[in-house]
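Below is a colleague's note on the model, set out as numbered points. Please read it with the sequence and the coordinates open.

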Amino acid sequence: MEDTSYTFTGLNSNTVYSVSVWAVAPVTSFVGTTSFATQPSAPGQTDPNLAPPPAAQNVPTNPTFQWSPIPGATGYVIEVGTDPNFTNPQKFSSPIAAFAWPADPLDNGAVYYWRVAAQTATGQSDWVTGVFTTATAAQPQATVTQTSQPGVTLTQLGEVDEAVPTYIWVIIGIGGILTILVVVLIVRTRAVV
């Protein structure tokens, strides 16, 4: 008995193929016919129109998801969540190539995982997955409230007496007397020599 399986290669995506099987033995006999469809192409990870792009930062909380159209696509499925395994994502199906996020806004400053798959008459494509971080919440503007200042009253005290205090005159007088005594001592000391 020979192989009962065959692997086809080089098939086009999103295409329905028919296969007829014949048995060759002493007598050739018809076994049956079946058909199968190849999987649709998936949006490309390197698609220049993929938005938000992989590892994007500061993405708005109501992002616009976008990708290049897939030939033959009749719609797309998108899932968005905070879990990379998509255990409990928000889902949205779209019959168009790009759309704005229609559900509740996403949280600020959070990491989100998203994936998109094309749907055609032959089935659903593989998922293309991305990750992005939403923008942090804008800090509220500080409000400055100006209150009225209490009144400040300047009161002028009486006239300042600019006379020199008496103790200063006493110090000057004593300094003058000491200076005279020093001069007299110096003169007397020279006279003795």
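**Notes on the strands, the core and the helix**

1. Strand E10 is mostly covered, since five of its seven residues are buried. This strand has two pairing partners to follow in the model, which is a predicted one. With E8, strand E10 pairs in the antiparallel sense over six bridges, and within that pairing Val116 has Val128 of E10 as its bridge partner. With E3, strand E10 pairs in the parallel sense over two bridges, and here the residue of E10 that serves as bridge partner of Val59 is Thr134.

2. For orientation in the whole chain, there are ten strands and one helix, and the order along the sequence is β-β-β-β-β-β-β-β-β-β-α. Of the 193 residues in the chain, 22% are buried. Among the contacts with a separation of 6 or more, 57% are accounted for by residues 24 or more positions apart. The accessible surface of the chain amounts to about 14,500 Å², and carbon and sulfur atoms hold 58% of that surface.

3. Which residues touch the most other members of the largest nonpolar core? That core has 17 residues, and the ones in question are Phe65, Trp67, Val80, Trp114 and Phe132. At least two residues of this core come from each of the strands E3 (56-59), E5 (75-81), E8 (111-120) and E10 (128-134), and the strand that gives the most is E8, with four residues. As a general background to such a core, nonpolar side chains in soluble globular proteins tend to be buried together.

4. Strand E5 deserves a separate look, as seven of its seven residues are buried. Both of its faces are covered: one side carries Gly75, Val77, Glu79 and Gly81, the other carries Tyr76, Ile78 and Val80, and all of these residues are buried. Strand E5 runs antiparallel to E8, to which seven bridges join it, and in this pairing Val77 stands opposite Ala117 of E8. Strand E5 also runs antiparallel to E6, with five bridges joining the two, and there Glu79 has Lys91 of E6 as its bridge partner.

5. The charged residue on E5 should be checked with care, given that Glu79 is buried at a relative accessible area of 5%. The side chain of Glu79 meets that of Arg115 in a salt bridge, with an N to O distance of 2.7 Å. Because Glu79 lies in strand E5 and Arg115 in strand E8, this pair ties together parts of the chain that are 36 residues apart in sequence. As for cover, Arg115 is buried, and so is Glu79.

6. Glu79 takes part in a further salt bridge, in which its side chain meets that of Lys91 at 3.7 Å, N to O. Here Glu79 belongs to strand E5 and Lys91 to strand E6 (residues 90-94), so the pair ties together parts that are twelve residues apart in sequence. Is Lys91 buried or exposed? Lys91 is exposed, with a relative accessible area of 60%, whereas Glu79 is buried. The count of salt bridges comes to two, and Glu79, Lys91 and Arg115 are linked by them in a network.

7. Strand E6 also holds Gln90, which counts as partly exposed because its relative accessibility is 35%. The C-alpha atom of Gln90 is separated by 9.5 Å from that of Trp114, although the two residues are 24 residues apart along the chain. Trp114 itself is one of the residues that touch the most other members of the largest nonpolar core.

8. The last point concerns the helix and the surface. A nonpolar surface patch of about 470 Å² is made by Val170, Ile174, Ile177, Leu178 and Leu181. Of these residues, Val170 is found in helix H1, which spans residues 166-192. Why can Val170 be part of a surface patch? Val170 is partly exposed, with a relative accessible area of 45%, and patches are made of residues with over 30% relative accessible area.

Conventions
Residues are numbered from 1 along each chain as its sequence is written. This is a predicted model: local features need pLDDT of at least 70, side-chain atom pairs count only at pLDDT 80 or more; totals for chains, interfaces and linings use all residues. Side-chain values use heavy atoms; hydrogens and water are left out. Patches are made of residues with over 30% relative accessible area and no salt bridge: like charges are joined within 9 Å, nonpolar side chains (Val, Leu, Ile, Met, Phe, Trp, Tyr) within 5 Å. Accessible areas come from the Shrake-Rupley method with a 1.4 Å probe; for residues, only the protein chains shown count as cover. A salt bridge is a side-chain nitrogen of Lys or Arg within 4 Å of a carboxyl oxygen of Asp or Glu. Buried means under 20% relative accessible area, exposed over 50%, partly exposed in between (1.4 Å probe, protein chains only). A nonpolar core is a set of buried Ala, Val, Leu, Ile, Met, Phe, Trp, Tyr and Cys residues joined through side-chain atoms within 4.5 Å. Two strands pair if DSSP finds at least two bridges between them. Contact means heavy atoms within 4.5 Å.
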